Amino acid sequence: MDLRSELLKSIWYGFTALDLEKSGKVSKSQLKVLSHNLCTVLCIPHDPVALEDHFRDDDDGPVSSQGYMPYLNKYILDKVIEGSFTKENVDELCWTLTAKKNYQTDKTSSTVLPERDAFRLWCLFNFLSEDKYPLVMVPDEVEYLLKKICMSMSIEFNCVELEDFFSQDSVQQTGITVWVFLEMMNSGKLTRGIDKSITSMAIEEVYREIVGDVLKEGYLWKKGQLRRNWKERWFTLRPSSLSYYTGEDRKDCQGNIVLDGNCCVEVVGDEIVFGPSEWIKNALFPVLPDRDGKRCMFCLKTLSKTYEMSASDTKQRQEWTTAIQTAIRLHVEGKTSLHKDLKLKRREQREQRDKRCHAKEEELQRLRALQEERERGLVELDLLKEAQKQAQALLEQDEQRRRQQHEQMQRALEVQLKEAEEARVSMQAEMVLKEEEAERQRKRIQELEEMQKRLEEALQLEIKARRDEEVFRYAQAGLLAEEEEKMKALMCLQEEQEEYILKTQREKQELRQEMEVKSRSLDEAQRQLEEVRANRHKVDQDVVAAQKKLRQASTNVKHWNVQMNRLMRPIGPGEKRPSLGSSFASFQIPTQRDPGLRIRRKSGSEDQNEESKENVDNSAGCDLEKRHSHASNGDMDIP
């Protein structure tokens, strides 16, 4: 049982004392006080914010013990350092909380134990109780504790008066609680006729031995290390140390001897050397003679010092040497408490005893079952003999009846055989018809499968045709875009031609003005006329080149329109694609819904406009050439 388990037992009593409604829940304000007091007695810093953060969602209601355990383990018990606090202070805190609620006694009664003795019995109960909640103590442990108390009071334990209490079924099955145990101690059945001071001393001695891990206490004479004189000291032996004080009150500690595997005990005037260490194992030391008038001496040797001590008599020396040897053995075995080890051993013995009792009960039940089965077998044997006689008589009757039934069954089987033969013939004929029907069905299925394949092929062709149609549509869109670009280029050329015409008209007007102004200067007019002719010739060449470009563009537009009209016709499944060399008369006009048709009509109207413009330009060019010819012949129109 580790330190955490011991602390949890005491804290459990404190928590249940705060649970007034016995619902397993405690308010947060009470838990704050409990947590603060626990941190104080355990000598760890208290963090009040952690409790608020841990139960942030439970502000409106109480906190259950299951919800408090994670906080208790994380923020309190995990920070506990063994040896930095006094375990008795924690027990006193939890006893104060739980005694107010559960330990209600009659103060005027002469058999009621003092408060301090009740507290020590409560601590002893927690130490010897089982490691499960709610905490109870089994009857064997109660008897062990009472025997220890009686032994300390030097009286014999009489369990006759408590026999009725221990024989109860509830006590045997579940054990007793601490409050029932204290009530039994306050009843006076165990301490009747004994002074309270003797009872208190016995309880304190058992408390220090079991809870305080004190293996032995008492006065011994000790020889000093420097002055070498003998002084009487009060010695307290624990599993890990031997402390000595000036008095029995243990207020002034004079020294502490640490016990480990390297320590040993030498008894003066005896033949045995006590010590479990390797360097004295299986060794026998010479017997030391008595000296300095001390006849019950013994020595405690460590690696650094040798302590000489003397007991009052041989019995005390034997008890002290045995106790020190036990403490050294516990340290070598890695055990921290003798009574914890004894408790575990008693628990193992109880478990083994329970197993043996359970095995005996199972064996008795098995023997009873075998006895009952044997008796049932004898009864069944008698019944079988009687039944055998009756069966013999019935057997003859059954044989006669069976022969008659056999003859009847034989006749019925012959009739059924004939019927089965007729049914077999009819079934064979029916099977032939079924096979023919199945053959027809198989042929039909093959035809359907072939038809399905052809439909799938037609579907693939249609999908392919639709994809080709999409490709042609994309090509048509590209051609339309190219035609639009060419139309833009044609418009640009037309604008350039108009600019040239306007420029020619402006030059003619300037020429007329110059002729009016310089009518007298014929040479200058002739020179200007030559320049005009040169310009006219250049403009004519530009006009001719523009006309060629327009005719070429018109030819290209017509050619692409023919190609687009051929591509606009959708190709259905099974149709052959018309060749490019086919005549224009075989082209089919698409419907009004086709977007390519609207583009084509638009381009046709634009072609008509371009042709009309080309005719106007040609007529204008002819007029201009006539005028220039008149001018070259010397005929000039003067307005």
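Start with the hairpin: in this predicted model, strand E3 (residues 216-223) and strand E4 (residues 230-238) run antiparallel and are joined by 8 bridges. If you want to check the register by eye, look for Glu 217, which stands opposite Thr 236 in E4. Between E3 and E4 there are 6 residues, and in that turn Arg 228 has a positive phi of about 60°. E3 has another partner too, strand E10 (residues 306-310), with which it pairs in the antiparallel sense over 2 bridges. There, Lys 222 has Met 309 of E10 as its bridge partner.

Met 309 is a handy stepping stone, since it is among the residues that Leu 242 touches. Leu 242 is found in strand E5, and with a relative accessible area of 1% it is buried. What does Leu 242 touch, leaving aside residues up to four places away in sequence? The list includes Phe 235, Thr 236 and Leu 237, then Gly 255, Asn 256, Ile 257 and Leu 259, and also Leu 300, Trp 320 and Ile 324. You have already met Thr 236 as the residue that Glu 217 stands opposite. Leu 259 is worth a click as well: it is 17 residues from Leu 242 in sequence, with the two C-alpha atoms 7.2 Å apart in space.

Now swing over to the aromatic residues. The structure holds 14 aromatic pairs. Take Tyr 13 and Trp 179: their ring centres are 6.2 Å apart and their planes meet at 85°, so this pair counts as edge-to-face. The pair links distant parts of the chain, with Tyr 13 in helix H1 (residues 3-18) and Trp 179 in helix H10 (residues 178-186), 166 residues apart. Tyr 13 is buried, because its relative accessible area is 3% and the cut-off for buried is under 20%. Both rings belong to a cluster linked by ring pairs, made up of Trp 12, Tyr 13, Trp 95, Tyr 103, Phe 119, Trp 122, Tyr 133 and Trp 179.

Which residues does Thr 98 touch, not counting those up to four places away in sequence? They are Tyr 13, Ala 17, Tyr 103, Trp 122 and Trp 179, and members of the ring cluster include Tyr 13, Tyr 103, Trp 122 and Trp 179. Thr 98 itself sits in helix H5 (residues 87-102). Is Thr 98 buried or exposed? Its relative accessible area is 0%, so it is buried. Its side chain also makes a polar contact, at 2.9 Å, with the side chain of Asn 102.

Follow Trp 179 back into H10 and you'll find several buried residues: Val 178, Phe 181, Leu 182, Met 184, Met 185 and Asn 186. After H10 comes Gly 188, whose phi is positive, near 85°. For another buried leucine, go to Leu 31 in helix H2 (residues 28-41), which counts as buried at 0% relative accessibility. Leu 31 and Leu 51 are 20 residues apart in sequence, and 8.7 Å separates their C-alpha atoms.

Some rings have a charge for company. The charged end of Lys 343 sits over the ring of Phe 127, 5.9 Å from its centre. Arg 346 lies over the face of Tyr 144, at 3.7 Å from the ring centre.

Stepping back, the chain has 15 helices and 10 strands. Of its 639 residues, 32% count as buried. Among the contacts with a separation of 6 or more, 64% are between residues 24 or more positions apart.

How far should you trust all this? The mean pLDDT of the chain is 78, with 79% of residues reaching 70 or more. Among the elements, E5, the strand that holds Leu 242, has the highest mean pLDDT, 91, while strand E8 (residues 273-274) has the lowest, 42. Across residues 578-603 pLDDT stays under 50, and the model has 25 contacts for them beyond four places in sequence. Residues 624-639 are also below 50, and this stretch has 12 contacts beyond near neighbours in sequence. Where pLDDT is low, the predicted coordinates should not be read in detail.

Definitions and conventions
Residues numbered from 1 in each chain as written. Predicted model: local features only at pLDDT ≥ 70, side-chain atom pairs only at ≥ 80, totals over all residues. Heavy atoms only, no water. Helix = DSSP H or I, 4+ residues; strand = E, 2+ residues; numbered from the N terminus. Buried < 20%, exposed > 50% of the residue type's maximum accessible area, 1.4 Å probe, protein only. Polar contact = N/O pair within 3.5 Å; in protein donor to acceptor, adjacent residues only side chain to side chain. Contact = heavy atoms within 4.5 Å. Phe/Tyr/Trp six-rings, centres within 6.5 Å; stacked < 30°, edge-to-face > 60°. Lys NZ or Arg CZ within 6 Å of the ring centre and 35° of its normal. Pairing = 2+ DSSP bridges. pLDDT = per-residue confidence, 0-100.
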